[in-house]
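Please look through the chain shown below with an eye to its aromatic side chains, its buried segments and its unusual backbone angles. The report that follows starts from a pair of rings and works outward.

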Amino acid sequence: MANFFVQSKAPQELSPEDMEAVNKWCIAEGWGPYTRPDDLSHFLKGPPFIESAFFFGVLDGVRIGHVMASKYGDTGTNGVLYLALFMVEKAERGKGYGLKIWNRMWETLDKNCIISLDSVVNMESRYERMGLHPEWTNREYIIPVSAIMQKYKMSDSRNILVKPLNEFGLEKVLSYDTLICGFPRNNFLEKCTTLPASHAWVATNESGDVVGVVWLRKGTIVRHVDMWLSS
């Protein structure tokens, strides 16, 4: 008889082997543009999240799936509880293991906040049965940056000035992000903007107020625009 259980780990308890397994599964699922081997360890070196835990499904001593629950927002705020990296090895799907992993994670959640996740379209109905509801649909684009750079020249217009974040500083960006998102997530953004092989730019108006932010990072396959805010 198969022996299956769900093991929970706090970020600081994750071993290099745990993080390697998570990255391997992400890339195998086609999530390569979003994940590089060093990205996860970078986020887990400090406190970008108030509460965070990984839940690993273990079958006969071998990890076969996982989900991550991370509450981000700063201490003293309800923030957003973000669910991510939910998957089961293809050979073990359809056997109820994913539901067991999910239920164990769901039992531990602080539900006094916004609960959010990104889902592929064919999983929406399953998440709805779990009590979640679709709010919007994201589209993903692959942009030939070199061709665009040859055709267009980025220049300041309408008295808008664009600067790299490292020349501008983070303080006003954090206030701007709180204004857009509705709650502070300073620790999270500090981690994002110091991620290796990432770049961020800030747009300001003639009064020096922030009116836009974009953050670009390198994935395993392409560079990925992770945050794009404008007002």
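Trp102 and Tyr127 are both buried. The model in which they appear is a predicted one, and the values below are to be read with that in mind.

**Aromatic residues around helix 3**

The search of the whole structure finds five aromatic pairs. In one of them, the ring centres of Trp102 and Trp106 are 5.8 Å apart and the planes meet at 15 degrees, so the pair is stacked, given that planes under 30 degrees apart count as such. Both of these tryptophans belong to helix 3, where they are four residues apart, or about one turn of the helix. An α-helix has 3.6 residues a turn, so residues three or four places apart point the same way. The two side chains nevertheless have separate burial classes: Trp102 is buried, with a relative accessible area of 2%, whereas Trp106 is partly exposed, with a relative accessible area of 22%.

Trp102 also pairs with Tyr127, and here the ring centres are 5.5 Å apart with the planes at 45 degrees, so this pair is tilted. Since Trp102 lies in helix 3 and Tyr127 in helix 4 (residues 124–129), the pair ties together parts that are 25 residues apart in sequence. One aromatic cluster is formed by Phe86, Trp102, Trp106 and Tyr127. The two pairs described above are set out here.

| Pair | Distance between ring centres | Angle between planes | Class |
|---|---|---|---|
| Trp102 and Trp106 | 5.8 Å | 15 degrees | stacked |
| Trp102 and Tyr127 | 5.5 Å | 45 degrees | tilted |

Helix 3 itself covers residues 97–108, and at 1.5 Å a residue its twelve residues should span 16 Å; the C-alpha atoms at its ends are 18 Å apart, which agrees. Which residues of helix 3 are buried? They are Tyr97, Gly98, Ile101, Trp102 and Met105. When the helix is viewed down its axis, these buried residues fall within an arc of 135 degrees, so they line one face of it.

**Strands 3 and 4**

Strand 3 (residues 62–72) is largely enclosed by the rest of the structure, because nine of its eleven residues are buried. Strand 3 pairs with strand 4 (residues 80–88) in the antiparallel sense, over seven bridges; within this pairing, Gly65 has Val88 of strand 4 as its bridge partner. Arg63 lies over the face of Phe56, at 5.8 Å from the ring centre.

Two residues in this part of the chain call for a look at the backbone. Most residues other than glycine have a negative phi. Asp60, although not a glycine, has a positive phi of about 50 degrees, and it is found in the loop between strand 2 (51–59) and strand 3. Leu85 likewise is not a glycine and has a positive phi, of about 60 degrees, but its place is in strand 4.

**Helix 8 and strands 6 and 7**

Asn187, which belongs to helix 8 (residues 186–193), is partly exposed, with a relative accessible area of 31%. Its C-alpha atom is separated by 8.4 Å from that of Tyr72, although the two residues are 115 residues apart along the chain. The buried residues of helix 8 are Phe188, Leu189, Lys191 and Cys192. Seen down the helix axis, they fall within an arc of 160 degrees, so they line one face of helix 8.

Strand 7 (residues 198–204) is mostly covered, with five of its seven residues buried. Strand 6 (residues 161–164) runs antiparallel to strand 7 and is joined to it by four bridges, and the bridge partner of Leu161 in strand 7 is Thr204. In the loop between helix 5 (145–151) and strand 6 lies Asn159, which is exposed, with a relative accessible area of 55%. Asn159 and Asn205 are 46 residues apart in sequence, yet their C-alpha atoms are 6.0 Å apart in space.

**Confidence**

The mean pLDDT of the chain is 77, and 74% of its residues reach 70 or more. Among the elements of the chain, strand 1 (residues 4–9) has the highest mean pLDDT, at 93, while strand 9 (residues 223–230) has the lowest, at 58. Where pLDDT is low, the predicted coordinates should not be read in detail.

Definitions and conventions. Residues numbered from 1 in each chain as written. Predicted model: local features only at pLDDT ≥ 70, side-chain atom pairs only at ≥ 80, totals over all residues. Heavy atoms only, no water. Buried < 20%, exposed > 50% of the residue type's maximum accessible area, 1.4 Å probe, protein only. Helix = DSSP H or I, 4+ residues; strand = E, 2+ residues; numbered from the N terminus. Pairing = 2+ DSSP bridges. Expected span 1.5 Å × (residues − 1). Arc of directions from axis to C-beta. pLDDT = per-residue confidence, 0-100. Phe/Tyr/Trp six-rings, centres within 6.5 Å; stacked < 30°, edge-to-face > 60°. Lys NZ or Arg CZ within 6 Å of the ring centre and 35° of its normal.
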